[in-house]
Amino acid sequence: MRLLIVEDDPLIADGVIRAMRTAGHAVDHTTNGEAADQALRQYPYDLVVLDLGLPKVDGIEVLRRLRARQSGVPVLVLTARDSLTDRVTGLDAGADDYLVKPFDLPELEARVRALLRRQQPNVAGRVQIGDLAVDMTGRSAYLGDRRIELSSREFGVLEVLARRAGRVVGKDQLLESLTGWDEDVGMNAIEVYVHRLRKKLEPGGVNIRTIRGLGYLLDKSGSNA
Ligand code: CA
């Protein structure tokens, strides 16, 4: 999943970014509301962690503009202000959840997981394709009852393909959902991850097909979708 962290406090930002990367997400970071607003117009995020007290444009305004554009991306608001008014204003402006500073990182991680799950209720925590089971919550994959060893990136590719199993996923879509701005991952790398995944999934009768000019499609080997 690709996340945007909007936080001007370097210490807090650093902790949140590290926790989210460890959880296997691609993370972009902005330190003011204007840059956040631009990033949100430009990139397809799966979740936003948004501080309210920000330079240039404040967090509530960023949130209002986001919702005015009909974006449904989940937003977890962070704020140092613990007044009821701020909380109500944040929720009214379209926040999905609220965390008051100081907070513990495990608490933030749990809220992020819950929001991402809520966002995709139809595939909840687990996707099954033939012998392949992908556990989104535990970030692990199994062929039958044997766990497949996957790097964080390989899992990321598998996750995106599995959520859209039977449908074509564009290479650029894969790249955008896997990488943040400061990560130098190119199309070639995507091909390498797909190649490795194919080898690992083959014994389970699951195939990642290349759809020329379009992208990739994950399904059971031999099926004609
Ligand atoms: Ca702040």
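Four bridges join strands β3 and β4, which run parallel. This is a predicted model, so treat what follows as a friendly tour of its computed features. Together, β3, α3 and β4 form a right-handed β-α-β unit, and the calcium ion takes one of its donors, Asp51, from β3.

**Strands β3, β4 and β5**

- Within the β3 and β4 pairing, Leu50 has Val77 of β4 as its bridge partner.
- β4 also pairs with strand β5 (residues 97-100), again in the parallel sense and over four bridges.
- On that side, Leu78 stands opposite Leu99 in β5.
- β4 itself (residues 75-79) is mostly covered, with five of its five residues buried.
- In a regular strand, side chains alternate between the two faces of the sheet.
- In β4, Val75, Val77 and Thr79 point one way while Leu76 and Leu78 point the other way, and all are buried.

**Helix α3**

- Helix α3 spans residues 59-68, and its buried residues are Gly59, Ile60, Val62, Leu63 and Leu66.
- Viewed down the axis of α3, these buried residues fall within an arc of 160°, so they line one face of the helix.
- At the N-terminal end, Asp58 acts as a cap for α3: one of its side-chain oxygens lies 3.1 Å from the backbone nitrogen of Ile60.
- Just after α3 comes Gln70, which takes a positive phi of about 65°.

**The calcium ion**

- Which residues are the protein donors of the calcium ion? They are Asp8 (OD), Asp51 (OD) and Gly53 (O), lying 2.2 to 2.3 Å from the ion.
- Along the sequence, these donor residues follow the spacing D-x42-D-x1-G.
- The two aspartates link distant parts of the chain, 43 residues apart: Asp8 sits in the loop between β1 (2-6) and α1 (10-22), and Asp51 in strand β3 (residues 47-51).
- Is Asp51 buried or exposed? Asp51 has a relative accessible area of 3%, so it counts as buried, the cut-off being under 20%.
- Asp8 has a relative accessible area of 32% and is therefore partly exposed, a class that lies between the 20% and 50% limits.

Conventions
Residues are numbered from 1 along each chain as its sequence is written. This is a predicted model: local features need pLDDT of at least 70, side-chain atom pairs count only at pLDDT 80 or more; totals for chains, interfaces and linings use all residues. Side-chain values use heavy atoms; hydrogens and water are left out. Buried means under 20% relative accessible area, exposed over 50%, partly exposed in between (1.4 Å probe, protein chains only). The arc is that of the directions from the helix axis to the C-beta atoms. A polar contact is a pair of N or O atoms within 3.5 Å; within protein, one must be able to donate a hydrogen and the other to accept it, and residues adjacent in sequence count only if both atoms are side-chain atoms. Donors are N, O and S atoms within 2.8 Å of the metal (3.2 Å for Na, K and Ca); water is not among the atoms, so sites may look incomplete. Two strands pair if DSSP finds at least two bridges between them. A crossover is right-handed if, with the strands pointing away from the viewer, the path from the first strand over the helix to the second runs clockwise.
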